[in-house]
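Visitor: Could we take a close look at just one part of this model, the sheet? I'd love to follow how its strands are paired.

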Amino acid sequence: MNAPLNHLRILQTRSVADLVREEIIGLIKRGDLVAGDKLSEQSFAQHFNVSRAPIREAFRALEEAGLVRLEKNRGVFVREIREPEAHELYELRATLDEMAGRQLAPRVTGEILSELDSWLARLADAARAGDMAAYFPLNIGFHDRLVELTGNATLIEFYRKLIDRMHLLRRRNFDEGQGSAGSQEEHRAIVAALATRHPDRVAAAMRAHVENGYRRLTGQALVPGPASAAPAASG
């Protein structure tokens, strides 16, 4: 686990339960907690130097978010997502990404393209180094930034809640080394489509990326991406 929570930060920002929940989500994102792991109320309370009440509250919030399951007389466990839930999650993610692409396309500027080129460069560096521990959060950050750039607060909120639930699936995909090369090619296609500022092209590139992510996860044959777009510009 990380260092104990900073008490001043707790008092200045939000409730203890919220910060505990965020810390546990961070452990899941990093793979320090994986599907099936049991969460100890006592150990978290000791680690964070808080009573058990906010830990229980955090566990309930995580259950509502679909990240853990509470089993009577057994405890709290990190959930394992199986079919058909995985398929449903990817379908919803594809729809949200397609919407984000349509909304982002007309907002694209040279500054945005330069920023996205920087994301691509960092992803490529991590992949070349074989550093999936670095690649995974960069990949998450790249897609989060695409959605954030739409400026649609409701879309951003729903997207992030969905991604929180998908973290275990995505980590398994990349940790098995199945996704990096294809994913990078599709990232470049998304940025190239954004350079055209054509909503249909961007939407198609983003949907194809999510659908191929699901196919990589399940071992299915990949589908072709959208028709090639003009090369991405940096300014």
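To start with one residue, what is the bridge partner of R69 in β3?

Guide: Happy to! In β3, R69 is partnered by F77. Before we go on, this is a predicted model, in which local features need pLDDT of at least 70, side-chain atom pairs count only at pLDDT 80 or more, and totals for chains, interfaces and linings use all residues. Residues are numbered from 1 along each chain as its sequence is written, and side-chain values use heavy atoms, leaving out hydrogens and water.

Now, back to F77: this β3 residue is also the bridge partner of K38. The strands here (DSSP runs of E, at least two residues, numbered from the N terminus) count as paired if DSSP finds at least two bridges between them. On one side, β1, residues 38–39, pairs with β3, residues 75–78, through 2 bridges in the antiparallel sense. On the other, β2, residues 68–71, is joined to β3 by 4 bridges, and these two strands run antiparallel as well.

The connection from β2 to β3 is worth a look too. Together they make a hairpin with 3 residues between them, and N73 in that turn has a positive phi of about 65°.

Put the pairings together and you have an open sheet of 3 strands, ordered β1-β3-β2, with antiparallel pairing. Both β1 and β2 stand at the edges with a single partner strand each, so one side of each has no neighbour in the sheet. As you trace the strands, remember that side chains in a regular strand alternate between the two faces of the sheet.
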